[in-house]
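Trainee: Got a minute? I'd like to walk through this one with you.
Mentor: Sure, put it up.

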Amino acid sequence: MATHSKDYDFSQIEPYWQSFWEENRSFRADNASAAPKYYVLDMFPYPSGSGLHIGHPEGYTATDILARYKRARGFNVLHPIGWDAFGLPAEQHAVKTGTHPASNTQNNIVNFRRQIKALGFSYDWDREIDTTDPKYFRWTQWIFLQLFKQGLAYVDERPVWWCPELRTVLANEEIVDGRSEVGGFPVERRNLRQWVLRITAYAERLLEGLKRVDWPDSTKRMQEAWIGRSEGAELLFALENPALGDLKVFTTRPDTVFGVTYMVVAPEHPLVNALTLPAQRGAVDAYRRQAAAKSDLERTDLAKDKSGVFSGSFAINPASGARVPVWIADYVVMGYGTGAIMAVPAHDERDYEFAQQYQLPVIPVIEPAEHAGNGEARPPLPYTGDGVLVHSDGYSGLPWAEAKARITEDLAAKGRGRATVNYKLRDWLFSRQRYWGEPFPIVWVDEASYKTAAALRPGDLPAEPVTYVQDGATLYALPLPPGALPLTLPEVQTYLPSGTGESPLAGVTPWLERWIHAGTGESIPASEPRPAGEAWVRGRRETNTMPQWAGSCWYYLRFMDPANAHALASPEALSTWGVPDLYVGGAEHAVLHLLYARFWHKVLFDLGVVPQDEPFTKLFHQGIILGEDGEKMSKSRGNVVNPDTIIASHGTDTLRLYLMFLGPLEAMKPWNPNGIEGVHRFLQKVWRECIGREGEIASKVVDDPAAGGPALRKLLHETIRKVGDDIEGLRFNTAISQMMIFVNAVQKSDQVDRGALRTLLQLLAPLAPHIAEELWSRLGGSGSVMLAPWPAYDPALLIASEQKVIVQVNGRKRGELILPVGATQDTALNAALKQTEVVSFTEGKPVRRVVYVAGKILNIVVE
RNA sequence: GCCCGGGUGGCGGAAUGGUAUACGCAUCAGACUUAAAAUCUGCUGGCCGCAAGGUCUUGAGGGUUCGAGUCCCUCCCCGGGCACCA
C-alpha cells in the first residue's frame, strides 16, 4: 500500500492511486445495495477534437467531491459518465476528410476518456455510455416510437431556417442573431418537410413542474419566459365583406376593445389575399415580397421602424360596432396567437408607434383611477398602466381587471370570443438533413400498405396517421416495430448533404428503398424480388436524422442500467435510482436541453416507464472560467488553459483544489496561474506535516488526542463541521479556506495527534483524493480513506467557556471584552465601563441606551 | 426596451443585520544559505500622526436601525437572458 516517495511526488502518487481504484473497482454503483442512494450527474460532454476544456473539470470536480463525500456518508452513489457523441463537428470533419464520423468520434472519445481518468474522478466506468452506439440509440429510437404512437410526432412542410453553409435546417434555438449558433453562418427561410414534436401539448405541465424543482431562479425564469404563457381572449371581428367571414385575433387586453382603431394581420396570414382589394393589390404584393425577403434579424432587431400596408378591407368591432381598417404589417408574426391582432394604439406601444407612422386614430379607453372622470392630467399615451375604463359603453368606470373578465364573458355569450391561454413555446423541430444522427425508425408507404400494417399491429400506430403529400400521392408514416430496432446508419459514398434538403442517406438506394414486412419490420432492398406474403410492402425509409438533443434527452436513465437489452432500463433500476439528486452543468443549457429532457421525461412518466414526472430535482450551474486576461477563453485569443498541462506541472489534486478555490462554483471567474502555486503549497504543507525528510512519519506526529492543546482540538472540530456543511452547500472555496486555517495551526503546533491528521485527510479526500489516500495509508489508516466513515464533530467541543464581546459606543468599536458564556448585560456593561478606551468616549455623557447581544456585542449609546 | 445576476484591498475572494477585508496570491522586510531556490517569521486598505491613537472606507447618493457590505428607494457601471409574442 502507498508509494515510497519521500516528498510530495504527485506524478508517482496520482497514477498509483488511480490504478488502485481501477483495480478495486472502488466506485462501482450497486443496483442491489440496501444503502440509501445518491445519484449525482454531470452533463456528459460532446467529445470534441480539441479535447477537454478547463470548464469540464470545474463542474466535474464539484460533482466528484459530492460523490466521494456521500460515499463516506454511507450512501450508495451513482456517479456516471458517457459521451454525447452525435453532432455536427464530427460530421463536418467527415465531409472534409471523407472518413467515417464514427472513427473520428471514437478517437475523440479515447482522448476524452484518458483526460478524464487523469483527473481522478470517481466515475463508475462500467456504466460508460455512448449515444452513437446502436445499443444505446436503439432506445432513443424506441422513445421516438412512443412519441409517435402518442400522436406527439408529426410531419409538416414548414418554413424552417436553412443554413446553406451547413447544408441543414436549424431549430429556432440554434439561431443566434440571424446566424447559425455553430459556425455563425447566415441562415434563410425555406419550406421543407420536417418532423416536429408536439412539445406545446406539455406547455402547461412544463411550466407547472418548475414550481417543484430546486433550480437556480434565473434558470427557472428563463424557462418560464421561453414557455411564455399569457392569458387573454380570442375575439372574432366580423369582416365587412360577409363573404370573408371573421377575423380571429388574440389579445391579452380585451378590456381595451373599445379603443381598437385598426386591425393588423401578418403578411403570411391566410386571409391576406382575400382581404386585399384590387386597388391595393400591387402595394400588398410588393409588401409581402419585401417582408418575405427580410431575414429574421431585419424583421426584429434592426427594424425599429414599423412598416405596413392597408388591405382595403374593414372589420367590425364586436363590442362597439365600430368599423376599422385592416392593415397588413410584419410587426405581427404568424407563428404566435392567430397571426392577427386588434390594434389599440392608446394602450400598446407597438400599436401606438404604428398609428403615429400611418396617422391612424388613437382612442384612450383606460385612465389611472385617480384621474377618472377628470379631463385634466391625463397620462401620456401610450398608457399601459393600471386604471379604469372610459369611453367604453356599459363598462366605463370599471377597474381594468374586472372589465377584462366581463368583456370576455359578454363577447363569449354572443359567440364572439372566448378566454384562452397562449404560449410562446413552439413545437420542436426534430429533424436534421444530416448523416451523423439517429435514423428515424420510419418507412413511408402508401395507404394500402399502411392499412395492412395497421391490421397486423394496431398498437404501434397513432390514432391519426401521419402523412404527407408528395407529387400528388399521399404517403403514410409507418413505424418500425420496436423489435426491429436499432435501425443503423448505412455506409455512404459522401457525407455531404444533397443540398436539396435531403440528407446523404437519400443517396443510399439499397438502404432507402425496401421491401418491408409490415408485421415484423424485417426488410430487404427493393431491388430484390418481393418476398411472398401479403405482409410484404414497398417502402422508402425516412432520410432525416434526429438532432443531437435526442440522445441527451434520456441518458441519465440509461446510466441506471446501461447494458439492458430488453428495456431502456429495468423498472427495478428506475425505481432504485429514481432521478438524479444533483445535476451540474453549464447555464448555456438552461432552456434547450433542460426543457427537451423534461418534456421526454414527462411523456415517459405518462407511459408509466419512469415513476416521477420531473427528471432533475436539483440543478446547479458552474460558472464560466475566463482566461488570465479576464476574457472568454478562446484559441484565437491564446488564453486557453489545458488541463493536461496543469496535471503535468502540479498534479490533478492541485488542479482540482485550485478550480474549487477560485471562488464560488457558480461565479464567472478568471484563471490565475499564481493561485495554482498557492494551493499546491498548501498540499505540500499537508505532506510535510505528516511525512519527514526521509519519507518517515513526521516526528511531531504523536498518538495523543490532547496533542497541540484544546485550542487545536476545538479548531479541528470546527473544521469538521464547516467542511461538511460547505460541501453539502457546494461552497468548496470556503471549505478549503477552513482546512488551510487548520493546517496553519497544526504547523505552528509542536505536536499533533495522528488521529487529528487522519481526520483532516478524510476531510481533504473528496477534494484532493490522491494525496489523501497516500497520507492516510502512510499514517496507518486501514484500507482506502474513502471507506472510512465521515468524521463527526463533537458539539461540546465547539462551545467555548468564554466569549469575546465587542464594545461599541454609538455603534463604533471602542474595545473588546472576554466574558464567560451567559454573562448578563450588567456584567458586560460594568466591565466595559472599566476600560479606559471605552470610558474616554462615554465620560460625562448620559447613557441613553444599551444594546447587548450575548457573546457578540455591547453597544453603549450616549448623549 | 424588458427580466435576472453582480460591483468589497494591488489581485481572486470571505463575512446568520453585530470586530469589514477570513483564506490564498502579489509586494516588502527578516531568518536559514557561500549564494539562489524551497521553507519559516513578520508587515501590508486610504488619510493624519514620531507614537499612542484618530479618522475615512464595501460603485454613487439618500433612507430604515443602537448598529448596514448585508434591508428599502434613486442612479451609474459590468455580465447573462429575452426581444415587435399582441
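Trainee: By class, how many residues on the surface near RNA strand B are nonpolar, polar and charged?
Mentor: Keep in mind that this is a predicted model. The surface near RNA strand B has 20 nonpolar, 14 polar and 17 charged residues.

Trainee: And which residues are closest to RNA strand B?
Mentor: T252, R350, K424, R812 and K856 are the closest, out of 51 residues that surround the strand. Sugar and phosphate make up 63% of the RNA strand B atoms that come within 4 Å of the protein.

Trainee: What does a polar side-chain atom of R814 lie 3.1 Å from?
Mentor: A phosphate oxygen of RNA strand B. Two lysines go to bases instead. K813 has a polar side-chain atom 3.2 Å from a base oxygen of RNA strand B. For K804, the distance to a base oxygen of that strand is 3.4 Å.

Trainee: Which element gives the most to the surface near RNA strand B?
Mentor: α23, with eight residues. Other elements giving two or more include α7 (217-227), β32 (802-809) and β33 (812-820).

Trainee: Switching topic. How many residues are in the largest nonpolar core?
Mentor: 89. I116, W671, F682, I727, F732 and L764 have the most contacts inside it. Helix α23 (residues 732-748) supplies the largest share of this core, eight residues.

Trainee: What does W671 touch?
Mentor: Leaving out residues up to four places away in sequence, its contacts include I54, L626, M633, Y658 and I676. E628 is also among them. Apart from this core lies another, of 69 residues, with W142 and A573 among them.

Key: Residues are numbered from 1 along each chain as its sequence is written. Chains are lettered from A and ligands numbered from 1 in the order in which they are written. This is a predicted model: local features need pLDDT of at least 70, side-chain atom pairs count only at pLDDT 80 or more; totals for chains, interfaces and linings use all residues. Side-chain values use heavy atoms; hydrogens and water are left out. A nonpolar core is a set of buried Ala, Val, Leu, Ile, Met, Phe, Trp, Tyr and Cys residues joined through side-chain atoms within 4.5 Å. Buried means under 20% relative accessible area, exposed over 50%, partly exposed in between (1.4 Å probe, protein chains only). Helices (H or I, at least four residues) and strands (E, at least two) are DSSP runs, numbered from the N terminus. Contact means heavy atoms within 4.5 Å. A residue is near a molecule or strand if one of its heavy atoms lies within 4 Å of it. A polar contact is a pair of N or O atoms within 3.5 Å; within protein, one must be able to donate a hydrogen and the other to accept it, and residues adjacent in sequence count only if both atoms are side-chain atoms. Ala, Val, Leu, Ile, Met, Phe, Trp, Tyr, Cys and Pro count as nonpolar, Asp, Glu, Lys and Arg as charged, and the others, Gly among them, as polar.
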